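Student: I have a structure open, and I would like to learn how to read it. Could you walk me through it?

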Amino acid sequence: MSHTSIRPRPSSFRRIPLAAPLRLARPSDMWFKPATSVVVATAIPNLVLYSLDRLDLVMYTMAGSLCALYGHNLPYARRAGTVVGVVLGMLAGLAVSLVTASLTGSTAVLIAVGALLAAGQKLLCDATRIGPPGPVIFTFVSSAALFSPQEMGQVPGHLALTLGAGAVSWLVTVAPALVRREGPERRATARALNAAAAYVAEPGHRTRRAAVAAVHAAWQTLLAAGRPTPVRTALERLVVHAETALTAHPGDTAADAGRLREWARQTRARGPVPTPPPAPGTAAEIFGVDAERTARRRVPGDGAVRALLHRLAPGSPLLPVAVRTLIGCALAGYICSAVGVGRPYWAIVTAASLYQANVMLSWNRTLQRTLGNLLGVLVFAAVLPAARMDPLALIGFCLLFGFAAEALITRNYWLGSVAVTPMALLVLEYAGSHPAGELIGDRILDTVIGAGVGFLAAVLVTNRRATGRVEQALADAEQARAHAVQTLAAPAPTHAALDAARRRLTGSLVELREAEDTAAGEWWQRALPQEAVLAAEQAGHRTLAATAKRLGTIAPAQENGAV
């Protein structure tokens with residue numbers, strides 16, 4: 001593709017939004033999953049410690065209980081391994097913190113270790129794409145443990161408590177598989193159908209991008225789900241229909257938004273998966289999925305390891321964000337310590353929570369975190385007298401706020417922070433009462449300093465590699481499209497070759513959109529090739545449509561032997 005006529009828009013300082021970051025969104029379609037999981041995973045060890053009169057150890061079990069927040073968007077086969085990794089990562093960070101706290105009481109050293117841990121946790125979570133809640137939970141636990149009095153002989157026992165609570169979290173997160181084995185796959189398929197319906201109802205570049213991403217995510221979920229079952233095969237057929245809707249013309253039976261939404265509703269419900277008539281290309285598509293699933297089983301984890309190493313390689317756009325985290329957390333901790341705050345880890349956690357994919361998103365999170373924390377401090381002041389009346393009341397409030405945080409945070413981060421803040425402050429009460437005025441004053445000061453210094457670090461530590469990522473993603477997308485065009489032009493392309501080319505192109509377009517969205521919110525960088533990105537997306541979508549149609553023409557020849 002020639003770029004001689006493309007005039008990239010110069011990068012400029014953007015006007016900072018104030019109202020938009022605070023607007024409420026629709027709740028997530030699965031908010032109740034992490035909300036109920038963390039309540040159950042927290043209640044079990046807390047009640048055990050209550051029966052033993054050792055609520056002072058709650059901090060260590062809570063580290064394991066919070067692992068129940070992860071993996072809910074993954075199929076159970078992948079979720080089981082992911083949550084094990086989360087528990088081990090939590091254990092490793094906590095071990096470093098506890099050992100450090102037992103060896104030194106130097107605030108300067110503790111802040112340095114906390115900042116290094118926060119940067120490492122941010123880098124690894126971004127590289128593995130662990131998903132929400134991301135690194136902030138790891139940083140909260142490891143930073144708090146750094147400033148808890150500790151002796152070396154206590155460390156193994158405290159880590160054992162975390163491991164035991166982590167085992168409970170693992171059981172809680174994978175237990176629903178016994179009731180609804182294909183639940184995550186059904187939700188991903190329903191999202192793809194709804195996104196395709198939105199495109200059919202309102203055709204446009206934005207809705208098509210969203211539909212392509214949703215369909216791609218559905219295929220990735222189905223591939224990661226393990227061996228095919230009758231339900232998964234039915235879901236695959238529905239995803240084929242979602243893809244077909246993206247290539248259909250208005251008036252075609254495939255372009256029926258109402259029917260797609262009805263299938264999405266039935267798929268998400270507890271009843272049987274709908275069984276639509278076969279769409280063109282269904283047999284070839286499912287044959288390709290089975291072939292890809294078989295190839296993945298031959299080298300388990302190899303592709304994931306290579307992808308992780310690639311994201312961590314020198315030159316990765318993730319590295320500047322990790323440097324931001326290191327500098328921002330360290331400065332926030334040292335400044336809070338200098339002004340006399342007794343618990344500078346609050347500032348470290350506040351700064352660490354701000355760093356998103358780019359500066360603009362980090363600003364949004366700064367505003368949301370500050371407002372939510374300040375309102376949350378007021379909630380804490382209101383409930384503290386009642387929470388101190390009885391240990392069971394304290395446990396109940398912590399569980400209530402834990403549930404509320406997950407129920408509200410998908411509406412907007414600041415709303416969830418209103419519940420997270422009192423819960424985090426009440427956790428300190430398990431080890432003994434603290435002066436309320438001191439806790440409230442420290443938290444307000446830490447929030448203001450952590451947010452201000454953290455965002456300043458995001459502005460000053462530039463991420464010029466974000467534009468380079470866009471350019472690389474653009475080149476990859478153009479190569480994938482050229483390969484798909486070459487495959488289409490072959491005299492008799494096989495369905496496997498067409499399917500592989502289509503998947504490669506779809507993945508490259510999703511990566512291109514993610515890279516462009518990230519770079520568009522970054523300051524102090526080269527101009528972005530926005531027109532080239534738009535042209536590549538449009539050409540890629542046209543090629544995807546042609547590939548899908550060609551698959552449909554060869555599907556009948558495969559119906560009797562491929563599936």
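**Reading the inside of a chain**

Tutor: Happily! Keep in mind that this is a predicted model. Let's begin with the overall contacts: among contacts in the protein chain between residues at least 6 apart in sequence, 82% join residues at least 24 apart.

Student: Which helices and strands are there in the protein chain?

Tutor: Here you can count 21 helices and zero strands.

Student: How many of the residues are buried?

Tutor: Buried means under 20% relative accessible area. In this chain of 563 residues, 52% are buried.

Student: And how do I read a nonpolar core?

Tutor: Think of buried nonpolar residues joined through side-chain atoms within 4.5 Å. The largest core here has 54 residues, and Leu66, Leu426 and Tyr430 touch the most other members.

Student: What does Tyr430 touch?

Tutor: Leaving out residues up to four places away in sequence, Tyr430 touches Asn46, Leu55, Asp56, Val58, Leu394, Ile395 and Cys398. There is also a second, separate core of 29 residues, with Ala188, Tyr199, Val239 and Trp263 among them.

Student: What about cavities?

Tutor: A cavity is a space where a probe fits but cannot get out. Three cavities of 30 Å³ or more are counted, and the largest has a volume of about 130 Å³.

Student: Which elements give two or more residues to the lining of the largest cavity?

Tutor: They are helix H8 (205-224), helix H9 (230-247), helix H20 (495-520) and helix H21 (530-558). The lining has six nonpolar, two polar and three charged residues; Arg208, Glu243 and Arg502 are among the lining residues.

Methods:
Residues are numbered from 1 along each chain as its sequence is written. This is a predicted model: local features need pLDDT of at least 70, side-chain atom pairs count only at pLDDT 80 or more; totals for chains, interfaces and linings use all residues. Side-chain values use heavy atoms; hydrogens and water are left out. Buried means under 20% relative accessible area, exposed over 50%, partly exposed in between (1.4 Å probe, protein chains only). Contact means heavy atoms within 4.5 Å. Helices (H or I, at least four residues) and strands (E, at least two) are DSSP runs, numbered from the N terminus. On a 1 Å grid over the protein atoms alone, a cavity is a set of points where a 1.4 Å probe fits but cannot get out, and a pocket is an open set with protein on both sides within 12 Å along at least five of seven lines; lining residues have an atom within 4 Å of a point. Grid points are joined across faces, edges and corners, and a volume is the space filled by probe spheres set on the points. Ala, Val, Leu, Ile, Met, Phe, Trp, Tyr, Cys and Pro count as nonpolar, Asp, Glu, Lys and Arg as charged, and the others, Gly among them, as polar.
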